[in-house]
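Here are some short exercises to work through with the structure open beside you. Try each task before reading its solution.

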Amino acid sequence: MSENSSAIQSVLHETRTFPPSEEFSKHAIISSEEQYEQMWNRAKDDPAGFWGDIAQTELDWFKMYDSVMDGKMPNTKWFTGGKINVSYNCLDRHLTTWRKNKAAIIWEGETGEVRTFTYQQLHHEVCKFASVLDKLGVEAGDRVTLYMPMIPELAIAMLACARVGATHSIIFGGFSADAIADRNHDAQSKLVITADGGWRRGKEVPLKVNVDASMEKSPSVEKVIVVRRTGGDVNMQDGRDYWWHDLMEDAVADRECTHLDSEHPLFILYTSGSTGKPKGVLHTTAGYLLGTTMTSRWVFDLKAEDTYWCTADIGWITGHSYIVYGPLSNGATTMMYEGAPNWPDEGRFWEMIERHKVNIFYTAPTAIRAFIKWGDQWPEQHDLSSLRLLGTVGEPINPEAWMWYHKMIGAERCPIVDTWWQTETGGIMISPLPGVTATKPGSCTKPLPGVVPAIVTEKGEPLGPNEGGLLVMTQPWPHMLRTLYGDHERFVETYFAKFDGKYYFAGDGARKDEDGYYWVMGRVDDVLNVSGHRLSTMEIESALVSHESVAEAAVVGFPHDLKGEGICCFVIPKGEVASGDAAVAAQKELIAHVRNQIGAIATPDQIRFTSALPKTRSGKIMRRLLRDIAAGRESAGDTTTLEDYSVLAKLRDTDE
Ligand code: WT7
């Protein structure tokens, strides 16, 4: 652990518990403690037997695999020898059942239009687009970048890539041209799929403009496909850019699924680490599909008659696993919404739940905090009685927000599943089972079957009940990441080196209470969790120092009412430290610069100019001290390694 977090002290002592109602348990897919324990113990003692049995009954294979798992962590391979296709499992296999004419996706645009795709209709579109990919020369193993708004074409493009075996790399629409170029280049993408723009709070997000600006630094990209969404003016370059609707016009819907190896790369998703460029987390085919299929069913108690809505953006892992792949593999009905929760007003989500009669609702603590701030009058105006289950993901939820969600949205009737997982884990790892687990506000409760976590010290020694430490996974699971794209060494180093390859560690601190419930306390590395999404302090620092006026920068997080963590930047300018209007202008300029370099998601909340930063004698910035200053706290910890004491006093003076 870094110098700042050598002791994780838990201050949360929550004692309320909320068992599921008898009625809920009676109808739940996993319905008793005994059933859960039996599954969990079998998966722990005989993972190959447990996952093998499910893989045979729950997935459709072109060729059955030879062995369930080969090799130790970190290099475990799953279902080797098998041939399978994710698109087949999400679409084709439902067409021979009554689900053929069931809604697969119900999509709503920010501007209010609704488009519904049955499994048959979605299959038709995906087959057509898969043949478009063929025609453009995209082959199995090629990488394709998707930089798109939340429209059905995004899901269609994903499933078409999976169908032909192209590996998709989705970039969240809030990222800038530079971020697109970095990712295009790292993945060596051949094709980019985008749209003219997307709607967000009534404004047009200029997606094609950003793609155009990224092209100069994306030499691997040969072609760009553009969906017409907003109808705004775009520049189309001859021989490079194609309209989606033109290509689809004469495409034939007869594209069968390519038979792919179980370990064929399904997608790359870039996520922030504490050092270096973004990490291209790679997920493969069969294991990821099995994991997302089963966790969707177990955690959301997903049934054929449910209307299920996950409010995440597909640009994040939550959208990949729990809007598209998991729900569709189960033959469920998944809702997809294009826009903002406060457009045209703060009642949008509740109005949509009422109108679509949503049964299962999955959102993030940062959204819940915004709902609380906007006021009870918004949900109160709507009939939310269709809801039967609520979920959260992205960061620890504070018990007060949990209680509000429970009372105001769930009417004290709906179980809440607080789901802990990561981009790297591919699917939910620790979560209540809604028909089984008595929940405690703020705890993600217990590991799912197949997940065997532990809380250990820096040296890997197990800790006792309520002792805070590092959260690790002691066994491999089918949906774990396989590598960091193009850098297997970094993969081993980042997640496994700390404990000599024995455990998977991705940076969270946690404790386990006397009932075996996990309480995640957040990240222990230099990664911020802003609105439930990981941002690397290092990348924001690089963006700052790339500005001509900046000599050095240090970025830390501070508690933020809505975002969870806000971004505070300490900046040493090249010249004199400005004050007054000049300082305000310089702050504005740097904020715009960071947005431009990384995207709106990384917008700094505070820029503080300083002439020095607190450093250890070895030159390491003491982030713990900066965090205290950013949060307006006195520094309680040890400062004996600080090189220049006067720096602290000076920094405090920069406090607004
Ligand atoms: C990090 C992973 C998983 C999809 C969204 C974020 C934090 C996530 C919880 C939770 C406490 C949580 C962790 C984790 N986190 N869910 N239920 N309780 N913390 O994916 O960007 O890969 O971030 O989010 O710190 O390591 P991600």
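A polar contact is a pair of N or O atoms within 3.5 Å. Please keep in mind that the model is predicted.

**Exercise 1.** Find which side chains and backbone atoms hold polar contacts to the ligand.

*Solution.* Start with Asp-418: an N or O atom in its side chain is 2.7 Å from a nitrogen atom of the ligand. Next, take Thr-419, where a backbone N or O atom lies 2.8 Å from a ligand nitrogen. Then turn to Asp-508, with a side-chain N or O atom 2.9 Å from an oxygen atom of the ligand. As for cover, the ligand taken alone exposes 550 Å², and the protein buries 97% of that.

**Exercise 2.** Work out where the ligand lies relative to domain 1 and domain 3.

*Solution.* Look at the shell around the ligand: domain 1 (22–85 + 284–451) and domain 3 (527–655) both give residues to it, so the ligand lies between them. Then sort the shell residues by type, which gives six nonpolar, seven polar and five charged.

**Exercise 3.** Decide whether the partners of the salt bridge between Glu-424 and Lys-279 are buried or exposed.

*Solution.* First locate the pair: the closest N and O atoms of Glu-424 and Lys-279 are 3.9 Å apart. Glu-424 sits in the loop between S20 and strand S21 (453–456), and Lys-279 in strand S15 (residues 279–284), 145 residues apart. Now apply the cut-off, since buried means under 20% relative accessible area. Glu-424, at 0%, counts as buried, and Lys-279, at 4%, counts as buried too.

How values were computed. Residues numbered from 1 in each chain as written. Predicted model: local features only at pLDDT ≥ 70, side-chain atom pairs only at ≥ 80, totals over all residues. Heavy atoms only, no water. Polar contact = N/O pair within 3.5 Å; in protein donor to acceptor, adjacent residues only side chain to side chain. Areas by Shrake-Rupley, 256 points an atom, 1.4 Å probe, with all protein chains shown as cover. Nonpolar A, V, L, I, M, F, W, Y, C, P; charged D, E, K, R; others polar. Domains from an automatic or database assignment. Salt bridge = Lys/Arg side-chain N within 4 Å of Asp/Glu carboxyl O. Helix = DSSP H or I, 4+ residues; strand = E, 2+ residues; numbered from the N terminus. Buried < 20%, exposed > 50% of the residue type's maximum accessible area, 1.4 Å probe, protein only.
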